[in-house]
Amino acid sequence: MHWLCSLIKDSFSPADLVSVSHQLTMQMMQNPQILAALQERLDGLVGSPSGYMESLPKVVKRRVNALKNLQVKCAHIEAKFYEEVHELERKYAALYQPLFDKRSDIVKAAYEPTDEECEWKPDEEEELTVSKQEEMKEKAKVEEEKKDEEKEDPKGIPEFWLTVFKNVDLLSEMLQEHDEPILKHLQDIKVKFSDAGQPMSFTLEFYFEPNDFFANTVLTKTYKMRSEPDESDPFSFDGPEIMGCTGCTVDWIKGKNVTLKTIKKKQKHKGRGTVRTVTKTVPNDSFFNFFSPPEVPESGELDEDSEAVLAADFEIGHFIRERIVPRAVLYFTGEAIEDDDDDVSERQPSSVMKSNDALFPNV
């Protein structure tokens with residue numbers, strides 16, 4: 001065999017050898033039998049141990065088992081850590097809430113902030129030259145005078161939450177044109193955590209002013225979480241998981257339900273051959289489907305479509321809780337979106353480790 005390799009090496013240049021090797025590889029990859037054998041070999045390797053553990057002496061394997069038992073205990077301690085984090089969130093949510101309530105009052109015109117509260121010093125990067133500032137002030141004054149002549153001052157901050165939703169890709173993808181007139185009536189979103197000693201969960205509460213679409217003043221979505229290692233696979237534990245969610249019934253006013261649409265379909269009678277038009281009500285794309293998630297059966301088994309819907313639902317619920325509610329004004333102005341983009345661009349793959357986001361549910 002060695003003499004054959006030497007003959008091939010002496011007969012071809014390095015470039016020729018590369019070309020021949022490439023051609024042989026392409027021919028092999030086009031052979032169904034070779035591909036099948038390769039796939040079977042790869043399937044056997046997935047999740048299989050390297051063989052190193054099997055080669056260890058029995059006494060060493062015994063000690064490794066002791067280390068794995070220690071790791072299980074670490075997972076249970078980590079679960080307790082996340083439970084305490086949840087308690088801290090509950091504690092600080094109560095401190096944040098008065099500020100969020102005042103934000104809501106300003107948005108819906110229940111409170112008019114004082115001049116002192118409205119004074120905002122821009123960052124150095126935002127500061128303009130004195131002449132430019134004067135020019136901007138003069139233009140603003142003229143524009144304001146025009147608006148005053150045309151109509152009365154708007155109340156509060158019109159379409160605040162709708163603007164927030166439209167500014168965030170994750171949420172704007174859910175919005176349909178027929179949702180927007182309804183979301184103009186959204187006045188506040190609150191996060192409520194489960195009480196101490198109760199199973200871990202959080203509820204999103206959407207507060208609406210009286211409107212012509214539904215009778216509810218509050219729509220809710222509750223997410224149930226679990227923070228304990230799975231006995232059958234304790235090493236997979238990586239923080240609290242959202243296990244399921246429950247929506248609410250929207251009391252739609254007759255003819256205003258945007259989650260349903262009416263279609264007309266022609267049907268031909270098999271016997272007589274006559275054609276008739278049948279009216280049928282079918283589901284319609286809408287943000288308000290968010291409040292009617294798929295139910296998770298006791299077995300926990302879902303079809304692929306339901307799994308995909310729930311996965312997206314969990315991501316949205318988590319994002320509203322962790323980003324939208326605490327920083328709503330920055331998503332309204334677009335500043336938080338720029339910060340999110342900067343975070344993504346600066347994050348290196350090798351540095352993706354447990355950060356602040358790891359303190360929150362896996363979605």
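Over which residues does pLDDT stay under 50? Select residues 344-363, where pLDDT remains under 50 throughout; for this stretch the model has 28 contacts beyond four places in sequence. The structure on the screen is a predicted model, and a tour of it may well start with confidence.

**Confidence along the chain**

Colour the chain by pLDDT. The chain has a mean pLDDT of 79, and 69% of its residues reach 70 or more. Next, select helix H1, residues 2-11, where confidence is lowest, at a mean of 50. Then move to helix H10, residues 180-183, where confidence is highest, at 97.

**The largest nonpolar core**

Select Phe165, Phe206, Phe287, Phe288, Phe290 and Ile320. Of the 48 residues in the largest nonpolar core, these touch the most other members. Add helix H11, residues 304-324, which gives the most to this core, with six residues. In soluble globular proteins, nonpolar side chains tend to be buried together.

Now centre the view on Phe288. Residues up to four places away in sequence being left aside, Phe288 touches Asp179, Ile182, Leu183, Phe208, Phe214, Leu219, Trp252, Val258 and Thr259.

**A strand in the open**

Select strand S5, residues 260-268. Is this strand largely buried or largely in the open? None of the nine residues of S5 is buried, so the strand lies largely in the open. Display strand S6, residues 275-283, beside it: S5 and S6 run antiparallel and are joined by nine bridges. To see one point of this pairing, select Leu260, which stands opposite Pro283 in S6.

**The largest pocket**

Proceed to the largest pocket, whose volume is about 1100 Å³. It is lined by 24 residues, and those closest to its centre are Arg103, Ile106, Glu117, Trp120 and Val329. Three helices give two or more residues to the lining: H5 (58-107), H6 (115-118) and H12 (328-333). Which element supplies the largest share of the lining? That share, seven residues, comes from H5.

**His86 in helix H5**

Remain with helix H5 and select His86, which lies in this helix. The relative accessible area of His86 is 5%, which is under 20%, and the residue is therefore buried. To see what surrounds this side of the helix, show the contacts of His86: beyond its neighbours within four places in sequence, His86 is in contact with Phe193, Ser194, Met200, Ser201 and Met225.

Terms used:
Residues are numbered from 1 along each chain as its sequence is written. This is a predicted model: local features need pLDDT of at least 70, side-chain atom pairs count only at pLDDT 80 or more; totals for chains, interfaces and linings use all residues. Side-chain values use heavy atoms; hydrogens and water are left out. A nonpolar core is a set of buried Ala, Val, Leu, Ile, Met, Phe, Trp, Tyr and Cys residues joined through side-chain atoms within 4.5 Å. Buried means under 20% relative accessible area, exposed over 50%, partly exposed in between (1.4 Å probe, protein chains only). Helices (H or I, at least four residues) and strands (E, at least two) are DSSP runs, numbered from the N terminus. Contact means heavy atoms within 4.5 Å. Two strands pair if DSSP finds at least two bridges between them. pLDDT is the predictor's confidence in each residue, from 0 to 100. On a 1 Å grid over the protein atoms alone, a cavity is a set of points where a 1.4 Å probe fits but cannot get out, and a pocket is an open set with protein on both sides within 12 Å along at least five of seven lines; lining residues have an atom within 4 Å of a point. Grid points are joined across faces, edges and corners, and a volume is the space filled by probe spheres set on the points.
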